[in-house]
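Biologist: Please give me a close look at one part of this model, the surroundings of a ligand, and then follow the chain outward from there.

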Amino acid sequence: MKPEIADLYKEQEEEASYRDHISTVDESGKRVWVYPKKPKGKFTNYRMLVSILLLLFLLAGPFISINGEPFLLMNILERKFVIFGQVFWPQDFHLAVIGMITTVVFIILFTIVFGRIFCGWLCPQTIFMEWVFRRLEYWIEGDYMKQKKLDRQDWDTEKVFKKASKHLIFLVISGVIMHTFMAYLIGVDQTWHLIQSGPTEKPVAFVVMVALTGMFYGVFSRLREQVCTTICPYGRLQGVLLDRKSIVVAYDYQRGEARGKYRKGEDRSVENKGDCIDCKQCVYVCPTGIDIRNGTQLECVNCTACMDACDSIMDAIGKPKGLVRYDSEDHIETKTPFVFTGRMKAYTLALLALAGVLVTLLIVRSDLETTIFRTPGMMYQERPDGTISNLYQLKILNKSNNTYPVEFELMEPAGSIEMVGEEMVLKKQGIEAGAFFIIINPAELDGLSTSVKVGVFSEGKLLETVKTRFLGPS
Ligand code: SF4
Ligand code: SF4
């Protein structure tokens, strides 16, 4: 492409007023409703496939169990969290923090390299909006032109019927999403119990469920793309995460400009025209109402609809596909190959280090969490045989799904343990409390306070070692 056209394009982009406001709000601050044309094409088909698989997985998720535990459960009320069938307790909070930091670094790195690919392909908001609600809308009201016409026409029988049935179906689906969401929060059994209880037996839960259904309905019937462009924090972060080397959905202005209408049989090179025939198909399909030819914009959720739309036009006029494609701004401008930048290297190292720490902690994570402490306010006891004893309280949390009969052994220094009461049996995912004496010969003690190590055994197998202090005569 001629350099003067590239410069002109850049100049126009710099001066462009579309950067001053978002595309779905007009100058008076009123919402501009987006009627995106139904997208068709290769990327749309791939996205549909991915979305169907993810939707099936999301809906089936609460019913999948591993070792008797749900696949995923985030029970904030009971502070019980299950990930891939592994139960995590508040005592595992450090793992949650490291897991969270690792996830954030992963998202940053992923976004720097691949842009907003997550939004277009994996985000539940996009999947439900584009593949459930929008599809139903196309089915009931027709494609974008018919929708516009329907909105403009008077409230006749056709409009009342179409709008009422659409919103009724939207409400039912919002209810399904709410119940799925609840099943991930409190489990399938509890959700089923709430459904059976009804509003009179559990009025608070009923109000929460109605409010959540209303929230989902509001998001998918009214808020729509506003969630991605103004509410979602990930969307708002794009400005600082993306750089000119990030791969985004981009318009190749070097090839497309100077844009101009297409005349059959014309030789566009004679008139200095680029490949963009200014048909605006890429704009009509955009669910966030932007023109990708203006460059990377905050509103773009990388949904690929404009890529498909433009590819079909390029096909029709006999030009190569990919005028709008996945590419980096840098590559489009300079045609230089992809470079793994210093920023990407730094984030990758940080990510690898965090992932290493997280994996190590998960591997060494014990099924038991034992707390042993000396009974407060009690001194040591001198026994008739000359040994010294201290009384201890103990609490054991069993994080696993196994039942453990447990015994305790003094591992350091030499001595013995005498249980108070019966032998202890740990129930699955239960907490047991008890007490025991540690008995040590004074010759083994270091003075007033000696460090002791207690082994927690089950059927002869050492499960955990715990350190505590033992008081004796000076
Ligand atoms: S510009 Fe293209 S990829 Fe971005 S949101 Fe619009 S249609 Fe989707
Ligand atoms: S669809 Fe392609 S050819 Fe048509 S206006 Fe958009 S970029 Fe230009």
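Modeller: Happy to; I will begin with confidence and conventions, then go to the ligand, the core and the helices around them.

This is a predicted model, in which local features need a pLDDT of at least 70 and side-chain atom pairs count only at pLDDT 80 or more, while totals for chains, interfaces and linings use all residues. Residues are numbered from 1 along each chain as its sequence is written, chains are lettered from A and ligands numbered from 1 in the order in which they are written, and side-chain values use heavy atoms, with hydrogens and water left out.

The protein chain has a mean pLDDT of 88, with 95% of its residues at 70 or more; pLDDT is the predictor's confidence in each residue, from 0 to 100. Among the chain's elements, helix 5 (residues 124-141) has the highest mean, 97, and helix 1 (residues 3-15) the lowest, 55. Helices (H or I, at least four residues) and strands (E, at least two) are DSSP runs numbered from the N terminus.

Now to ligand 2. Around it are Y251, C276, I277, D278, C279, K280, C282, R293, C310, M314, L323 and V324, where a residue is near if one of its heavy atoms lies within 4 Å. That shell splits into 9 nonpolar and 3 charged residues, with no polar ones. Here Ala, Val, Leu, Ile, Met, Phe, Trp, Tyr, Cys and Pro count as nonpolar, Asp, Glu, Lys and Arg as charged, and the others, Gly among them, as polar.

K280, one of the shell residues, has an interesting backbone: its phi is positive, about 65°, although it is not a glycine. It belongs to the loop between helix 13 and helix 14. K280 counts as partly exposed because its relative accessible area is 33%; buried means under 20%, exposed over 50%, and partly exposed in between (1.4 Å probe, protein chains only). The loop between helix 13 (253-256) and helix 14 (281-284) also holds A258, and the peptide bond leading from E257 to A258 is cis, with omega near -5°.

Several shell residues lead straight into the packing. The largest nonpolar core has 40 residues, and V249, Y251, I292, C306, M314, L323 and V324 have the most contacts inside it; such a core is a set of buried Ala, Val, Leu, Ile, Met, Phe, Trp, Tyr and Cys residues joined through side-chain atoms within 4.5 Å. At least two core residues each come from helix 3, helix 4 (117-121), strand 6 (248-251), helix 15 (305-317) and helix 17. Helix 15 gives the largest share, 8 residues. Another core, of 22 residues, lies apart from this one, with V406, L426, V452 and V466 among its members.

L323 shows how things join up: leaving out residues up to four places away in sequence, it touches A250, Y251, D252, R255, G256, D275, C276, C310 and M314, contact meaning heavy atoms within 4.5 Å.

C306 also links the core to ligand 1, where C286, C300, V301, C303 and C306 come nearest of the 13 surrounding residues. The shell of ligand 1 has 10 nonpolar and 3 polar residues but no charged ones.

Helix 3 (residues 93-114) feeds the core from another direction. Its 22 residues reach 31 Å from first to last C-alpha, close to the expected 32 Å, which is 1.5 Å times one less than the number of residues. Its buried residues are L95, I98, G99, T102, V105, I108, L109, T111, I112 and V113, and they pack against strand 5 (86-88), helix 11 (233-236), helix 12 (238-241) and helix 17 (342-364). Just beyond helix 3, G115 takes a positive phi of about 60°.

One last connection runs back to ligand 1. V34 sits in the loop between helix 1 and helix 2 (42-60), and it counts as buried because its relative accessibility is 12%. Setting aside neighbours within four places, V34 contacts T24, E225, C286, P287, T288 and G289, and C286 is one of the residues nearest ligand 1. The C-alpha atoms of V34 and R224 are 9.4 Å apart, though 190 residues separate them along the chain. R224 lies in the loop between helix 9 and helix 10, has a positive phi near 45° without being glycine, and is buried at a relative accessible area of 1%.
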